[in-house]
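This report describes a protein chain for a reader who has its coordinates at hand. The overall build comes before selected helices and residues.

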Amino acid sequence: MCGIVAYVGHREACPIIIKGLKRLEYRGYDSAGIALMNGTLSVYKKKGKVSELEAFLQDKDVHSNIGMGHTRWATHGEPNDVNAHPHFSTSKKIAIIHNGIIENYAALKTLLISKGHTFKSETDSEVFINLIEDIRENNHCTLAEAVRLALHEVVGAYAIVVLSKDDPHQLVAARKGSPLVLGIGKGEYFLASDATPIIEYTNDVVYLKDYELAVIKNGELDIRSREDVKQTPYVQRLEMALESIEKGGYEHFMLKEIFEQPRSILDSMRGRMISASNHLMMSGIREFENKFVNAERILIVACGTSWHAGLVAEYLIEDFARIPVEVEYASEFRYRNPIIRETDIVIAISQSGETADTLAAIELAKSKGATIFGICNVVGSSIARTTDAGAYTHAGPEIGVASTKAFTAQVTVLTLIAMIIGSKRGTLETSKLHGLMAELENIPAKVERALKLDQQIQEIAEKFKNATNFIYLGRGYNYPVALEGALKLKEISYIHAEGYPAAEMKHGPIALIDEQMPVVVIATKDGSYEKIVSNIQEVRARKGKVIAIVTEGDTTIPAMSDFVIEIPETSEHLAPLLSVIPLQLLSYHIAVLRGCNVDQPRNLAKSVTVE
Ligand code: F6R
């Protein structure tokens, strides 16, 4: 949450920072600001999108080769010009941009007020910069030293960059718990919350570690620990194509990402499965193969859409590998004194790899000696680096705030894992395994076919764009898909939606059904087909409007539904990879028809780095 960008070098800093902030806007978009060294230390900030800041800068002198910018997702203090970053210290000699939360800010603020510091905003970040100023004045030390000492005083999470009027060629940055990537160009340096603002200029990056401090001064980079020990940076070469972070002709990133799924699903299997030669392999699993094969229990921790992928994995792993699986909301897990054993394997699923609740759940499980396996999309992210082993989903950057291709990539990787463990344990018959592998290989082409339903789904969206409530029903493997469909709709269209296991409806939610209620039923041909037919009858008897997702060629359910969306036939184990596609498209089109900002829905941010 919150995006930060900074630049120092030979180019104009302002356009680089504004462009970078636009790339990071998925992380927060309630206000934005920039600090530049143009004779003095100038700060410009505005409530609203980065484009509003850009318009505000039109008549300002923004010439500078050094600067930093921020796009905010409010935690402390409402979104307005004053609470927007950067924040000056009381003397206005230094300024900060900050991503994260300082938990002991209230106590620090009281102390700083008693020492004469004054505050304009309600933010914890302004406390941080005043703390740095206080330390610098009291210790008569350099800015870098003051920042380093301040890191010992603050509790919480941060990625910060600090600029000082007295050191016009210097950037000081530090991180703990919030991501910060440093880009190294020829005579220039970049800092950003992720690599997307950087890769246009350089592919050489350093992921700062927790409690590291980077000082860039007069073209030199110096990285130190909080204990002031010099660190040797590990420079990584990033293989990220610029096109992957641009809209490529689509109206929204979300639509682009939905349509990328045939490729992203293929990428998540690439090198891991070739059905013709019965090749099935995942390096992360191989390392811990014995642990997986002998595991008495697997715990899955995740949030939101990733948690839904975890639910699919529960069904897959229990079915194929016969190992008990528990799926936990990461946010609940750490606060409820869970039983975690050394023999447990904890699978943490996260697109961003930065979700604070998931990170905290991992830390708890680690402290109890469990083996942690991460499934992340963002390469080099905090979760990817903190786990014992893992597998990247290789879906490519997901920029739309609503997760789409990350979900199908996670489910693909989890399917492979369930197949590998099942086959190693001997609980998944070879003939069934080979059949599943062959069918999984067909999935990208079938997703391609499901995407052809776009126009038809748009027409259905038109009919329901003014609905105030929706119910999504599914059974078995399609139950998590019902939850995911409901989440997609509510987060981008702001229509209230509930997902339920279809049979659970009669235990309460059925009371909601009347002629106004659209009910999306995922009713593909599988083991519970007959049962879901009965559930549809129950909805119809109460005059609910049935939108059915069925298997191509089905004639029974279409005869009892108001609207029908036919998807290609597949194994019930792989159904979520196909049945989620029309639901993503339905929520997308409804949101567009309602005039909502689908890529940046209100109140949300892509990576939730606060608890
Ligand atoms: C929904 C969505 C969120 C995320 C959740 C976890 O579309 O994007 O529910 O799935 O915040 O995020 P990650 O997977 O990055 O840990």
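## Terms and source

Helices (H or I, at least four residues) and strands (E, at least two) are DSSP runs, numbered from the N terminus. The model is predicted, and local features need pLDDT of at least 70, side-chain atom pairs count only at pLDDT 80 or more, and totals for chains, interfaces and linings use all residues. Residues are numbered from 1 along each chain as its sequence is written, and side-chain values use heavy atoms, with hydrogens and water left out.

## Overall build

The protein contains 19 helices and 27 strands. Its radius of gyration is 25 Å, which agrees with the value near 25 Å that a compact globule of 611 residues would have; the radius is taken over C-alpha atoms, and the globule rule is 2.2 Å times the number of residues to the power 0.38. Along the principal axes, the C-alpha atoms fill a box of roughly 80 × 55 × 45 Å.

Contact means heavy atoms within 4.5 Å. Of the contacts with a separation of 6 or more, 72% are between residues 24 or more positions apart.

## Surface and charge

Buried means under 20% relative accessible area, exposed over 50%, and partly exposed in between (1.4 Å probe, protein chains only). Of the 611 residues, 61% count as buried. The exposed area is about 22800 Å², with 49% of it supplied by carbon and sulfur atoms; areas come from the Shrake-Rupley method with a 1.4 Å probe, and for residues only the protein chains shown count as cover.

There are 65 positive and 77 negative side chains, and the centres of the two sets lie 1 Å apart. Lys and Arg count as positive and Asp and Glu as negative, while His and the chain ends are not counted. Each charge is placed at NZ of Lys, CZ of Arg, CG of Asp or CD of Glu.

## Helix H17

Helix H17 covers residues 479-493, and its 15 residues reach 21 Å from first C-alpha to last, close to the 21 Å expected at 1.5 Å a residue. The expected span is 1.5 Å times one less than the number of residues. Twelve of the 15 residues of H17 are buried, so the helix is largely enclosed by the rest of the structure. Among them are Glu484, Lys488 and Glu491. Tyr494 follows H17 and has a positive phi, near 65°.

Lys490 lies in H17 and counts as partly exposed because its relative accessibility is 34%. Leaving aside neighbours within four places in sequence, Lys490 is in contact with Ile495 and Ala497.

## Helices H4 and H10

H4 (residues 124-139) has 16 residues and reaches 23 Å, close to the expected 22 Å. With 13 of these 16 residues buried, H4 is largely enclosed by the rest of the structure. His140, just after H4, takes a positive phi of about 45°.

H10 (residues 304-321) has 18 residues and reaches 25 Å, close to the expected 26 Å. H10 is mostly covered, as 14 of its 18 residues are buried. Arg322 comes just after H10 with a positive phi of about 55°.

## Arg594

Arg594 sits in the segment after helix H19 (575-593). At 33% relative accessibility, Arg594 is partly exposed. Not counting residues up to four places away in sequence, Arg594 touches Lys465, Asn466, Ala467, Ser493, Tyr494 and Ile495. Glu462 is 132 residues from Arg594 in sequence, yet their C-alpha atoms are 9.4 Å apart.
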